[in-house]
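Here is a model to question term by term. Each reply sets a value against its cut-off.

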Amino acid sequence: MAMRRCFVGSGQANTSVFSLSFSSILPTFHYKRTRPRERRCTTHAICHATKSKEELLVVVGGGAAGVYGAIHAKTVAPHLSVVVIEKGKPLSKVKVSGGGRCNVTNGHCVDNMILAENYPRGHKELRGSFFNIHGPVDTMSWFASHGVELKVEDDGRVFPVSNSSSSIIDCLNSEVKQRGVSLQTRKTVAAISILSSGKFLLEIQQHTSVHVERVEADYLLIASGSSRQGYTLASQLGHSIVDPVPSLFTFKIEDLRLRELSGVTFPKVKVRLKLDSVQRNIPKLTQVGPMLVTHWGLSGPAILRLSAWGARFLFSSSYKGQLFVDFIPDLHVENLKSVLSHHKLQYAGLSGDVLWASISNSSLMSIGSVLKNCIFEVTGKGQFKDEFVTAGGVPLSEISLNTMESKVCTRLFFAGEILNVDGVTGGFNFQNAWSGGFIAGTTIGRLALGSCLGLK
Ligand SMILES: Cc1cc2nc3c(=O)[nH]c(=O)nc-3n(C[C@H](O)[C@H](O)[C@H](O)COP(=O)(O)OP(=O)(O)OC[C@H]3O[C@@H](n4cnc5c(N)ncnc54)[C@H](O)[C@@H]3O)c2cc1C
């Protein structure tokens with residue numbers, strides 16, 4: 001399917017959509033982004049689709065990827081019945097994200113090659129079409145054109161101007177309603193099989209009764225995040241699963257030297273991790289950035305990034321190793337020694353600073369070593385889920401990244417954290433969800449439109 005990016009005038013300026021794949025054979029046909037007729041959002045939407053012979057898309061999971069995907073499928077194909085099944089509360093991670101502010105995406109990576117480098121799992125595969133089709137700029141313009149004012153902070157993180165994740169949730173919920181997506185909560189997709197007709201047969205467990213709904217869907221988008229159940233559903237449909245392990249976590253360090261520094265932030269340190277492991281081929285695990293001392297150890301962007309790049313190796317090492325911290329990475333050790341000596345000479349003779357002035361040269365050298373190469377024993381993984389994600393899931397080799405369709409099973413799509421993609425802290429994980437959701441949703445919408453016009 002050849003995809004080409006275009007802008008359509010529908011009163012929502014700067015919102016990118018795809019031109020329809022069959023536009024070349026039907027030059028007079030133009031998809032117009034007008035508001036679709038309001039569809040009644042009832043729990044009977046599935047039944048309605050079946051009876052009316054309308055095609056049905058079922059989205060498993062009402063998180064960022066699922067809801068964004070559903071909205072975009074419905075935007076492209078307003079006639080398509082779209083049902084999102086959510087076992088808990090929709091968009092619950094969006095709500096708590098970014099400390100309640102929701103770090104929507106990252107505004108500093110305009111080059112998609114550099115953007116991809118922020119994904120410890122996915123950095124090679126995501127260099128291609130993925131972010132070209134729908135990257136951070138597209139995400140920002142979509143939210144902006146749907147009434148959410150955004151701001152880019154100095155470090156590139158993008159937040160709603162309101163500083164509240166509710167702005168993002170309200171925007172998505174309003175689009176769900178306006179487009180006529182049926183969002184059904186407190187229901188779990190328990191099993192999926194493929195019928196001889198090629199349709200998907202879903203078993204949906206209602207939380208309020210023992211009743212199991214059986215639903216036939218034409219298209220399926222699995223966007224179940226890091227839920228075990230989602231991995232099982234993907235396996236049932238023939239996919240393999242890369243073992244899930246935690247990523248983006250803090251380090252547990254019990255060290256008296258840190259106790260009094262709890263709450264202190266170092267704006268720029270260089271950290272290097274050496275793991276207690278017999279594993280071979282462990283890459284060099286080094287990061288530079290801000291570090292925060294907590295009452296259980298160390299946190300902050302430099303540590304979180306280290307945990308992401310080392311996620312698998314840390315898991316295999318039972319989260320044990322040595323952390324080498326350089327508190328002044330911009331100063332060479334020799335320069336530091338001369339700075340310290342110079343300081344000592346300056347203070348010599350001043351009565352209030354006798355202690356500092358009389359410090360021995362060897363003690364000065366020890367201070368220098370501590371500042372340049374302070375060693376801490378990492379004894380475990382912090383429990384505080386600041387921005388916790390899962391590495392592992394459906395391998396990217398089993399997905400076409402320009403459509404998000406499974407290479408194993410036609411009309412099956414994936415988006416978001418269920419895939420073996422995870423980013424470092426800074427808005428990159430939501431960007432994966434928005435990009436995947438958009439690509440899957442628009443692809444499904446185009447297929448449904450083609451099918452409606454008998455162009456299958
Ligand atoms: C505390 C916290 C803060 C975060 N902050 C940020 C941030 O500021 N910026 C950022 O980029 N990333 C952040 N992240 C990461 C980000 O939240 C995730 O990467 C993102 O939510 C993934 O979106 P998703 O739609 O793929 O999965 P999810 O958001 O996890 O959604 C999946 C949904 O599927 C549902 N589901 C699962 N299985 C089934 C089933 N069988 N039937 C029905 N429903 C099912 C789940 O209940 C869930 O609602 C944060 C994560 C956490 C935990």
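A residue is near a molecule or strand if one of its heavy atoms lies within 4 Å of it. This is a predicted model: local features need pLDDT of at least 70, side-chain atom pairs count only at pLDDT 80 or more, and totals for chains, interfaces and linings use all residues. Residues are numbered from 1 along each chain as its sequence is written, and side-chain values use heavy atoms, with hydrogens and water left out.

Q: How many residues surround the ligand, and which are the closest?
A: The count is 34. Ala-65, Glu-86, Gly-98, Glu-417 and Phe-430 are the closest.

Q: Which elements supply at least two residues of the shell around the ligand?
A: They are α2 (64-76), β4 (81-86), α3 (92-96), β9 (187-194) and α15 (428-452). The labels follow DSSP runs, numbered from the N terminus: helices are H or I with at least four residues, strands are E with at least two. With four residues, α15 gives the most to this shell.

Q: What makes up the shell around the ligand, by class?
A: It has 12 nonpolar, 14 polar and eight charged residues. Ala, Val, Leu, Ile, Met, Phe, Trp, Tyr, Cys and Pro count as nonpolar; Asp, Glu, Lys and Arg as charged; the others, Gly among them, as polar.

Q: What places a polar side-chain atom of Glu-86 in polar contact range of an oxygen atom of the ligand?
A: The distance is 2.6 Å. A polar contact is a pair of N or O atoms within 3.5 Å; within protein, one must be able to donate a hydrogen and the other to accept it, and residues adjacent in sequence count only if both atoms are side-chain atoms. Val-189 places a backbone N or O atom 3.0 Å from a nitrogen atom of the ligand. For Gly-427, a backbone N or O atom lies 3.4 Å from an oxygen atom of the ligand. Taken alone, the ligand exposes 1000 Å², and the protein buries 93% of that. Accessible areas come from the Shrake-Rupley method with a 1.4 Å probe; for residues, only the protein chains shown count as cover.

Q: Why does Lys-187 count as buried?
A: Its relative accessibility is 7%. Buried means under 20% relative accessible area, exposed over 50%, partly exposed in between (1.4 Å probe, protein chains only). The value falls under the cut-off, so Lys-187 is buried. Lys-187 is found in strand β9. A polar contact of 2.9 Å joins its side chain to that of Glu-213.

Q: Why does Lys-199 count as partly exposed?
A: Its 29% relative accessibility lies between the two limits, so the label is partly exposed. Lys-199 sits in the loop between β9 and β10 (200-206). Contact means heavy atoms within 4.5 Å. Leaving aside neighbours within four places in sequence, Lys-199 is in contact with Ser-193, Ile-194, Glu-216, Ala-217 and Asp-218.

Q: Why is Asp-326 called buried?
A: At 11% relative accessibility it is under the limit, so it counts as buried. Asp-326 is found in strand β18 (residues 321-326). Its side chain and that of Lys-372 are joined by a polar contact of 2.9 Å.

Q: What is notable about the phi of Cys-102, and why is this residue called buried?
A: Its phi is positive, about 65°, although it is not a glycine. At 0% relative accessibility, Cys-102 counts as buried. Cys-102 lies in the loop between α3 and β5 (105-106). Arg-186 also has a positive phi, of about 55°, and is not a glycine. Arg-186 lies in the loop between β8 (182-185) and β9.

Q: Which residues touch the most other members of the largest nonpolar core?
A: Phe-143, Leu-172, Leu-220 and Ile-222 do, in a core of 84 residues. A nonpolar core is a set of buried Ala, Val, Leu, Ile, Met, Phe, Trp, Tyr and Cys residues joined through side-chain atoms within 4.5 Å. Here α15 gives the most, with 10 residues. Apart from this core lies another, of 24 residues, among them Leu-314, Val-325, Cys-374 and Val-378.

Q: How many helices and strands does the chain have?
A: It has 15 helices and 24 strands. Of its 456 residues, 50% count as buried.
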